[in-house]
Amino acid sequence: MHLGLQILGRRDFAKVARSVNNILNEFQNSKVVVPGMVQYNKSIVDAFSSFQNLSKLSLRGCNLTNVTFLNSTVKLRFLDLGCNRFDRGYRVQSLALFLSKQCFLESLDLNGCHMEMHQMLMAVTNLSNCVKLAKLDLSWNGRYNFMINPRRSLCLKKVFLLCITKFPCMRMLDLSMNDQHFGKYSEHRVLPKALISPSLEDVYFFGNGLESMAHQLEIREQLPLTAKFYATY
């Protein structure tokens with residue numbers, strides 16, 4: 001069941017918190033979607049902390065900067081935190097700590113969260129317990145920074161390597177629109193010999209400076225034969 005909650009303003013928090021609590025108690029395996037939540041208070045925290053068996057949750061576009069109120073939800077399988085703001089150190093640390101407690105995630109969406117590449121690397125590193133992770137969307141994070149930075153490109157390569165080697169069930173990975181200069185560094189296009197997930201099916205790498213077909217082939221040839229690599233529109 002897909003449940004929707006519309007939060008209009010601060011005055012609605014208490015009402016929504018009660019609604020969340022009631023809905024979660026009634027539908028323990030349902031998917032809860034909370035669009036438009038600008039911020040949260042203790043009532044929202046209590047509502048989520050009272051429900052530990054939630055398996056599907058969407059908090060897309062809620063302008064979240066902190067997810068400590070989700071620390072009790074440790075059985076999530078499908079999580080959408082896209083289009084929030086994890087763009088500072090303490091915000092990413094909150095996200096990383098939360099992700100480190102997850103063991104059952106199968107799908108995670110963090111696209112458009114304003115993370116720099118080193119912050120994204122921190123988040124992905126803390127997913128080490130998610131051995132069942134099959135779908136990961138990290139697109140549209142670092143693209144807004146147009147300055148050439150080799151370190152950013154190196155971090156993106158590390159993220160890429162972690163994603164395709166540390167998650168044996170990984171099927172879909174989206175790293176599009178993160179570093180338009182990635183393709184300028186030939187050493188970043190060569191992947192070290194590693195055990196790449198045999199289940200990889202689709203890898204999206206649009207907008208990262210790999211317009212050259214030769215550059216695309218350098219990476220494509222190192223992926224499983226069954227995997228499709230998308231680098232240009």
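Here are four short exercises, each with a worked solution, on a predicted model.

**Exercise 1. Two helices side by side**

Find how the axes of helix H3 and helix H4 cross, and which residues make the contact.

*Solution.* Start by locating the two helices: H3 covers residues 89-100 and H4 covers residues 117-125. Next, look at their axes, which come within 8 Å and cross at roughly 20 degrees. Angles under 35 degrees count as roughly parallel, so H3 and H4 are roughly parallel to each other. The crossing has a hand too, and for H3 and H4 it is right-handed. Now pick out the residues that touch. H3 brings Gly89, Val92, Gln93, Leu95, Ala96 and Leu99 to the contact, while H4 brings Gln119, Met122 and Ala123. Finally, sort the residues of this contact by character: six are nonpolar, three are polar and none is charged.

**Exercise 2. A charged pair across the chain**

Work out which parts of the chain the salt bridge between Asp109 and Arg60 ties together, and how exposed each partner is.

*Solution.* A little background helps: side chains of opposite charge can pair when their charged atoms come close. The whole structure holds seven salt bridges. In the one between Asp109 and Arg60, the closest N and O atoms are 2.7 Å apart. Asp109 sits in strand E5 (residues 107-109) and Arg60 in the loop between strand E3 (56-58) and strand E4 (78-80), so the pair ties together parts that lie 49 residues apart in sequence. For exposure, remember that buried means under 20% relative accessible area. Asp109 has 16%, so Asp109 is buried. Arg60, at 29% relative accessibility, counts as partly exposed. One last step widens the view: Arg60 and Asp109 belong to a network of salt bridges that also includes Asp80.

**Exercise 3. Two further salt bridges**

Describe the pairs Asp87 with Arg91 and Glu116 with Arg152, giving the N to O distance and the exposure of each residue.

*Solution.* Take Asp87 and Arg91 to begin with. Their side chains meet in a salt bridge with an N to O distance of 2.6 Å. Asp87 is partly exposed, with a relative accessible area of 21%, whereas Arg91 is buried at 11%. Now turn to Glu116 and Arg152, whose closest N and O atoms are 3.4 Å apart. Glu116 lies in the loop between E5 and H4 and Arg152 in helix H5 (residues 150-165), so this salt bridge links parts 36 residues apart in sequence. Both partners count as buried: Glu116 has a relative accessibility of 14%, and Arg152 has 6%.

**Exercise 4. Neighbours of Phe78 and Asn71**

Place Phe78 and Asn71 in the structure, and list what each touches beyond four places in sequence.

*Solution.* Phe78 is part of strand E4. Its relative accessible area is 30%, so Phe78 is partly exposed. Setting aside residues up to four places away in sequence, Phe78 touches Ser55, Lys56, Leu57, Leu105, Glu106 and Ser107. Ser55 lies 23 residues from Phe78 in sequence, but their C-alpha atoms are 6.4 Å apart in space. Move on to Asn71, which belongs to the loop between E3 and E4. Asn71 counts as buried, at 19% relative accessibility. Leaving out neighbours within four places in sequence, Asn71 is in contact with Phe98 and Lys101.

How values were computed: Residues are numbered from 1 along each chain as its sequence is written. This is a predicted model: local features need pLDDT of at least 70, side-chain atom pairs count only at pLDDT 80 or more; totals for chains, interfaces and linings use all residues. Side-chain values use heavy atoms; hydrogens and water are left out. Axes are lines fitted to C-alpha atoms, for helices over the stretch in contact, and angles run from 0 to 180 degrees between N-to-C directions. Angles under 35 degrees count as roughly parallel, over 145 as roughly antiparallel, 65 to 115 as roughly perpendicular and the rest as oblique. A crossing is left-handed if the near helix is turned anticlockwise from the far one by less than a right angle, and right-handed if clockwise. Contact means heavy atoms within 4.5 Å. Ala, Val, Leu, Ile, Met, Phe, Trp, Tyr, Cys and Pro count as nonpolar, Asp, Glu, Lys and Arg as charged, and the others, Gly among them, as polar. A salt bridge is a side-chain nitrogen of Lys or Arg within 4 Å of a carboxyl oxygen of Asp or Glu. Buried means under 20% relative accessible area, exposed over 50%, partly exposed in between (1.4 Å probe, protein chains only).
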